[in-house]
Amino acid sequence: MIKRKKNHKDNPFYDATLNARHRKSKRFKKFTLSSLVFSIAFLVFFLFDITSKGTPAFKQAYLKVEVTYSELSKKSYRKAIERKYSKIVSRAYLRTIPMMIEENPQLMGQTISTWVIADDQVDQYLKGHHYKLKNKDRALVDQMKADGNVELRFNTIFFTNGDSKSPEFAGLNSAIIGSILTMIITMLIAFPIGVMTAIYLEEFAEDNKFTQIIEVNINNLAAIPSILFGLLGLAVFINLFGLPRSAPVVGGLTLALMTLPIIIVSSRAALRAVPDSIRQAAYGLGLTKIEVTRDHVLPLAFPGILTGSIIGLAQAMGETAPLIIIGMIAYIPDAPSSVMDAATVMPAQLFTWAGMPERMYVEKTAAGIMVLLSILVALNSLAIYLRKKFEVKW
Amino acid sequence: MPKEKENKNIVKVDVKELNLWYGDNHALHNITVPLYENKITALIGPSGCGKSTFLRCLNRMNDLISIVKIDGSVVIDEKNIYDKDVDEVSVRKRVGMVFQQPNPFPKSIYDNVAYAPLKHGHVKKGKACDELVEKSLKDAGLWEEVKDKLNDPGTSLSGGQQQRLCIARTIAVKPEVILMDEPTSALDPISTEKIEALMLELKKKYTIITVTHNMQQAARVADYTAFFHLGKLIEYDETETIFVNPSNKKTEDYITGRFG
Amino acid sequence: MHTFESKNKSREMKEKAIKMALIVASTISILTTFGVLFSILFEAIAFFELRSFWYFLTGSVWSPGQVDSQFGAVPIFTGTIMITLIALVVAIPIGLGSAIFMSEYASHKTRDYLKPVLEVLAGIPTVVYGFFAALTVAPIVVKTAAWFGLEATFNSALASGVVMGIMIIPVISSLSDDVIKAVPDSQRKAALGLGMTQGETIKDIVLPSALPGIISACLLGFSKAIGETMIVVMAAGLRPNLSFNPLEDMTTVTVTIVNSLVGDFEFNSPETLVAFALGLALFIVTLGLNVLSLMMIRKFKEKYKVNTL
């Protein structure tokens, strides 16, 4: 049977205006679909771009050279290797040789063939990127490669080292620890205050002016741009209270205030989801409001509260602007050992690296982004998993 | 079925062997019913019997639900509206619908009535359109109450007035058939009375098919009544026959309130 | 005759203490908002004691670091508006279009899969967007402009504006989606029953009904764009530039705040304190936008008596 076109002229239901109107409607639908497709296409392109920029950073170039441990090299580390290698071997590595000799006296007098970290320009040359090597250095590297004295190994330095003035030695370690410490402070402050505020608003507050003011303020707090929290941190915590700049304790305090609204809103939703019949039953047993809330409502609302807090934590982890203002972008090579030591956090470290001129930092920043995004994905997945697992259908 | 030899009526909507499935659920079973021109036909039956679903088949509104499958024919003026070459959007111009809850657009009273005719190209903006709006509101019995406030929002009217506005909006498109899905169940008794009087007027120009759960209403306004039960058409006859002398025991049980 | 126990005194005191603690916790949110306002206000006033308030708002010369340094913030304001406008031009059509498709056209399954994908865009830290803007988008802008025979800097407003727009897409699409879904289905049925196509129903009936909510979403996006820092710090320019050419470099309020505070000037100099004056302006504008946004949402809620938003 021939497929008849809809709205054909010999059709008693024929409508002259319909064809044009259908075309217009179809164009509209196409526009909305293409908007959605663009958003997703951007996400795909973005992930592809970051991954292709960052994956090479997980490999680091090593060169096999003869390292001489002697009195001479202990005094002047540049003498530990042959002169021709001096420009292609990592200067930062050479600087560690005197200390190595101190700690391992049996090395004295030996010349050992060692795999040594290459200079960042060599590493980038080997990966095919823009480099600054002179011709003779480049020829040397090519020769070494032909001789099998060049290797690309998994870059453990990226995870074991903190920041460094030498790009090849720069790692995420101190930033990761700084992030952990700062997040601990953030959650230690934001979680109790946020949950308590939510409990008060949902279970205890009466419908009066005070309650309204609180709710308006929470709303406002959520809307304040993050950089202004940095100004608050600078003016109050650092200038007024005199807390040390760049310390996780200040960062944590500042971020805690920013995270409060999320925790409050999600905790309120979790509390509200607990059906009233639970409360009524508990009251019926003669319990006080606090006992009802603590022993009956809170345990049931807990999964929802936890989910919301994890999401708040994930958001705080990616924040940079307020921390820049309070100084957490200083050059921090060593990991902090307490919450009062100067530290940096992952996003701030990435910000600093992104501004460095050496090409290797582009890789490292992209790789750092991959690490940060993976952590955030893991946190959010955990939150979704918890929510699904403890989802109770009333 | 109404007795053939006495029947001088013209069939406006001829439904033959209509079946409908919601996914796997067979909701309408082989419905065959000739609906007569310029008459009011009431569809009655207990909740869930399929009368509203059947009504929506007559203007292809069920097409909007993706899991619905339809079999059979609904013929208007010798063309089955379910034929592949019929654009369902064009069907709804000739078969209008009034809903249970009055649902005027968030536009002015004037725009509520004028929107569809302008869109369909029946009139152009200006005098012709004004006249069409006035006539539609008059035919819906609303003109006197709103003629001085045509620019007020449609939602500023009372419930009964809003429903009459919806009727005006429907007849402005000049359909041939008007479907009404429990048009008065959300209204107070006085508005209900007004709308029922309106229906009796409108049937002179339109064919009206109305779903109602109020049997007294069916008895008051309908010329013909169809009784549905569990997706099947149990009985279809002149209203008087259905209520006074039903042929089917189930019909009788429903009428007398033994279930429902 | 005693049939009930007399109240336990210590239990009652404990209850009161806990309730007090809850109230104290709740007041911290109030303290914070006012803390932000007052700390910024305090230092901003210190700035305005050193430099003219009127010139700050209306002047166009920004020259710190000199003996008679001037701080006319107009070029900074225009730079902010330019980049924000570019962001909104990107975000509103795409965000709204995506929202319309997901709420009106997409099947349930499609919607369930795609809504979280858009949420991912919201979860990406802004420093990551900044990196992407500076290292990937900016060079593309320069190359594309050259292809058309135009000159674009590597710090073009266009690069940071576009990426900022992408960052805001979820803000607009999420709220618009909720609002569109909240428009009662009876409206759609009425339009379709009159013989309208689906597209006409959406354009003429659903969207106008949802308009207050959509405007609210756009105001929220606007507010977020104005307050955004990392993308512009990393990809936009440093010099105040009063220009309407998106290919040029210009700077924003947030960038200037950052630069004023990490500079070498001592804290009480006008060069540093101006950060707080800018912060005050930012605070007032974003708060104003948020109040407007809330008002619009309230209007929508009233109209349809919705509680799900």
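**Notes on a predicted model of chains A, B and C**

1. A good place to start is a strand pair in chain A: Val67(A) has Ile112(A), in strand 2 of chain A, as its bridge partner. Strand 1 and strand 2 (residues 111-117) of chain A are antiparallel and are linked by 7 bridges. Please keep in mind throughout that this is a predicted model.

2. Strand 1 of chain A, residues 59-68, also has strand 3 (residues 150-154) as an antiparallel partner, through 5 bridges. Here Gln60(A) faces Arg153(A) of strand 3.

3. Now to the domains of chain A. The chain is split into domain 1, covering 58-154, and domain 2, covering 173-389. Their C-alpha centres are 44 Å apart. Contact between them involves 6 residues of domain 1 and 4 residues of domain 2. On the domain 1 side, the touching residues comprise 1 nonpolar, 3 polar and 2 charged.

4. The interface between chains C and A comes next. In it, 66 residues of chain C meet 64 residues of chain A. Which helix of chain C gives the most to this side? Helix 1 of chain C, residues 9-48, does so with 18 residues. By class, the chain C side holds 40 nonpolar, 21 polar and 5 charged residues.

5. The largest nonpolar core has 261 residues. Those that touch the most other members are Leu228(A) from chain A, together with Ala133(C), Val163(C), Ile172(C), Ile231(C), Ala235(C) and Ala277(C) from chain C. If you would like one residue to look at, try Ile231(C): leaving aside residues up to four places away in sequence, Ile231(C) touches Thr126(C), Tyr129(C), Gly130(C), Ala133(C), Ser160(C), Val163(C), Met164(C) and Met167(C). A separate core of 23 residues lies apart from the largest one, and its members include Leu63(A), Tyr69(A), Tyr85(A) and Val116(A).

6. Chain B also touches chain A, with 12 residues of chain B in contact with 11 of chain A. Helix 2 of chain B, residues 88-94, gives the most to the chain B side, namely 4 residues. That side is made up of 3 nonpolar, 3 polar and 6 charged residues.

7. On the overall form of chain B: there are 10 helices and 10 strands. Its radius of gyration is 18 Å, close to the 18 Å that the globule rule gives for 260 residues, so chain B is as compact as a globular protein of that length. Along the principal axes, the C-alpha atoms of chain B fill a box of roughly 55 × 45 × 35 Å. Buried residues account for 45% of the 260 residues in chain B. Of the contacts in chain B between residues at least 6 apart in sequence, 68% join residues at least 24 apart.

8. Chain B contains an open, antiparallel sheet of 4 strands, ordered 2-1-4-5. Why is one side of strand 2 (25-36) and of strand 5 (79-80) left without a neighbour in the sheet? Both strands of chain B stand at the edges with a single partner strand each, so one side of each has no neighbour there. For strand 2, antiparallel pairing with strand 1 (residues 11-22) of chain B runs through 8 bridges. One pair to check by eye is Asp14(B) with its bridge partner Pro34(B) in strand 2.

Conventions. Residues are numbered from 1 along each chain as its sequence is written. Chains are lettered from A and ligands numbered from 1 in the order in which they are written. This is a predicted model: local features need pLDDT of at least 70, side-chain atom pairs count only at pLDDT 80 or more; totals for chains, interfaces and linings use all residues. Domain bounds come from an automatic or database domain assignment. Two residues are in contact if their C-beta atoms, placed from the backbone, lie within 7 Å. Ala, Val, Leu, Ile, Met, Phe, Trp, Tyr, Cys and Pro count as nonpolar, Asp, Glu, Lys and Arg as charged, and the others, Gly among them, as polar. Helices (H or I, at least four residues) and strands (E, at least two) are DSSP runs, numbered from the N terminus. Two strands pair if DSSP finds at least two bridges between them. The radius of gyration is taken over C-alpha atoms; the globule rule is 2.2 Å times the number of residues to the power 0.38. A residue is buried if 20 or more other C-beta atoms lie within 10 Å of its own, exposed if 12 or fewer, and partly exposed in between; C-beta atoms are placed from the backbone. A nonpolar core is a set of buried Ala, Val, Leu, Ile, Met, Phe, Trp, Tyr and Cys residues joined through C-beta atoms within 7 Å.
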